[in-house]
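Biologist: I am new to this structure and would love a guided close look at one part of it. Could you start with the whole chain and then take me in to a single strand and its surroundings?

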Amino acid sequence: LNRVGVGNAEKFLLELRFGSHQAALLNKLDELLSTLSIVLTQAKARVGAWVPARFTASIDALQAGIKWLKAAAPQHIKDAIKQLDSDLRELQQYVRSGGETTSQTVAHSAEAGAKKVHRADELILLEGNAAKVSPRGGLVANSDMPADVAQYYMHEPGFPDLKSYAPLAEDGVTVTYPNIASYSGKILNHELKAGDQVFRVFGPGGGTAYGVLLQEANKPAGKFLKAPGFWGVNVPPNAKAWRENFAVLDEWNHNRFIVIGTVLEGHTLPACVGRVAEQTGKKVAAQYLSGGGTQAMLQLAEDIGVELNRLGEQVMNGAAPIVTELGGVRWEVRPTHWETPIETFGYREVPGPGSVRTQKLAPKTVATKKEE
């Protein structure tokens with residue numbers, strides 16, 4: 001509704017009353033039927049005896065039908081509007097409650113003390129609330145300045161703290177929040193539930209992109225276990241979707257391996273979830289990636305992070321894919337099996353065959369959006 005010009009869709013729906021439009025609707029219908037009757041009478045008079053009798057008989061039948069409709073429509077419309085207003089009240093309750101209808105026989109269940117998640121929150125995640133499109137077509141990064149943070153993000157107990165990493169800006173005085181600037185638009189404190197998946201790509205360094213040595217991608221759980229780590233939500237189908245939607249620059253992630261976490265039944269995973277902002281290379285300035293995917297910052301328990309990193313090292317050293325359960329999540333660590341060259345996505349000019357090196361890649365980087 002916002003997109004088609006209503007504006008504030010929530011306010012519009014809460015104030016809407018079909019019954020208040022009943023008189024106008026009946027009046028417009030009456031005008032329409034009267035106009036049709038006049039047109040048919042004029043047509044019948046104009047054609048006169050020039051047409052077969054069956055044609056004038058058809059006009060008479062139509063006029064009789066219009067007369068019947070003018071008499072019968074008001075009651076039918078009144079009944080329909082009554083039903084519409086009844087349905088509307090259900091919808092309005094849905095909006096007021098943030099996504100729960102009064103007629104639900106089975107409400108969303110939550111463990112004691114767990115955050116209640118409404119469908120309205122889920123829609124915000126899907127739509128990217130307050131995310132802005134840049135002139136280049138990507139999503140504009142949030143400001144990393146302290147004075148601007150509140151419009152995008154508010155920390156809640158039990159969820160990762162995106163303000164925990166706050167380095168000094170280039171002036172050496174001002175504190176900034178690069179984790180928040182990796183998002184575009186609102187960042188929700190959101191509990192991932194059973195069946196939801198997160199993923200992170202990692203791998204060894206080595207090789208170059210336009211002559212820049214590629215760094216080692218962060219381990220499966222990240223280098224900084226005491227700080228929130230970047231994860232992707234919904235595993236992309238290929239390296240193109242991973243690079244572009246999750247804005248993973250070549251200089252950040254050589255990849256080759258992936259860890260996928262699936263939340264198990266009866267468990268939740270607290271996360272800070274939002275849309276990925278666009279990124280432009282610094283070491284490889286020619287690369288630009290638009291972002292737009294959904295990312296989650298997770299604060300894994302240290303023992304889980306240590307174990308995932310250990311398993312990642314094993315797989316990188318040639319071990320078979322590993323599946324384990326830790327902290328209410330099923331973790332799979334394996335190669336990505338994506339055949340794709342670096343120096344390909346996000347460049348205006350794709351390099352020639354002589355400069356392309358084929359790599360096995362994986363879905364979203366586990367690299368942080370700023371060099372931490």
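Biologist: To set the scene, what percentage of the 372 residues of the protein chain count as buried? After that, please take me to strand S5 and tell me what surrounds it.

Modeller: Happy to! Please keep in mind that this is a predicted model. Of the 372 residues in the protein chain, 41% count as buried. The chain holds seven helices and 14 strands. Among its contacts with a separation of 6 or more, 72% are between residues 24 or more positions apart.

A word on confidence comes next. The mean pLDDT of the protein chain is 80, and 78% of the residues reach at least 70. Among the elements, S11 has the highest mean pLDDT, at 97, and strand S14 (residues 358-361) the lowest, at 37. Residues 100-119 have pLDDT below 50, and this stretch makes 32 contacts in the model beyond near neighbours in sequence. The pLDDT is also below 50 over residues 350-372, a stretch with 104 such contacts. Where pLDDT is low, the predicted coordinates should not be read in detail.

Now for the sheet that holds your strand. Eight strands make up an open sheet, and their order is S1-S7-S10-S5-S2-S6-S12-S11, with antiparallel pairing. Strand S1 (183-192) and strand S11 (322-326) each have a single partner strand, so they stand at the edges and one side of each has no neighbour in the sheet. From one strand to the next, the twist averages 30 degrees. As a general point, strands of a sheet pair through backbone hydrogen bonds, either parallel or antiparallel.

In that order, S5 sits between S10 and S2. On the S10 side, four bridges join the antiparallel pair, and Trp-231 stands opposite Ala-296 in S10. On the S2 side, two bridges join the strands, again running antiparallel. There, Val-198 has Val-233 of S5 as its bridge partner, and Phe-199 stands opposite Gly-232 in S5.

How covered is S5 itself? Five of its five residues are buried. One side carries Gly-229, Trp-231 and Val-233, the other carries Phe-230 and Gly-232, and both faces are covered.

Let us follow Trp-231 inwards. Together with Leu-298, Leu-300, Leu-308 and Trp-331, Trp-231 is listed among the residues with the most contacts inside the largest nonpolar core, which has 24 residues. The elements giving two or more residues to this core are strand S2 (197-202), strand S5 (229-233), strand S6 (257-263), strand S7 (269-276), strand S10 (294-298), helix H7 (302-316) and strand S12 (329-335). Helix H7 gives the most, with five residues. There is also a second, separate core of 15 residues, which includes Phe-246, Val-248, Leu-249 and Trp-252.

Helix H7 deserves a short stop of its own. Gly-312 is found in this helix, and this glycine is buried, with a relative accessible area of 0%. Leaving aside neighbours within four places in sequence, Gly-312 is in contact with Phe-202, Pro-220 and Val-333. Gly-312 and Gly-203 lie 109 residues apart in sequence, yet their C-alpha atoms are 8.6 Å apart in space.

Back at S5, we can step out into the loop that leads from it to helix H6 (239-245), where Asn-234 lies. In contrast to the buried residues of S5, Asn-234 counts as exposed because its relative accessibility is 53%, and the cut-off for exposed is over 50%. The phi of Asn-234 is near 75 degrees, a positive value in a residue other than glycine. Most residues other than glycine have a negative phi. His-337 is another non-glycine residue with a positive phi, of about 65 degrees. His-337 belongs to the loop between S12 and strand S13 (338-341) and is exposed, with a relative accessible area of 54%.

One last stop takes us away from the sheet, to helix H2. At 1.5 Å a residue, the 26 residues of H2 (residues 22-47) should span 38 Å, and the distance between its end C-alpha atoms, 38 Å, agrees with that. The buried residues of H2 are Leu-26, Leu-33 and Leu-40.

To bring you back to where we began: S5 has both faces covered, is joined by bridges to S10 and to S2, and gives residues to the largest nonpolar core.

Conventions
Residues numbered from 1 in each chain as written. Predicted model: local features only at pLDDT ≥ 70, side-chain atom pairs only at ≥ 80, totals over all residues. Heavy atoms only, no water. Expected span 1.5 Å × (residues − 1). Buried < 20%, exposed > 50% of the residue type's maximum accessible area, 1.4 Å probe, protein only. Core = buried A, V, L, I, M, F, W, Y, C linked by side-chain atoms within 4.5 Å. Pairing = 2+ DSSP bridges. Axes fitted to C-alpha atoms, helices over the stretch in contact; angles between N-to-C directions. Contact = heavy atoms within 4.5 Å. pLDDT = per-residue confidence, 0-100.
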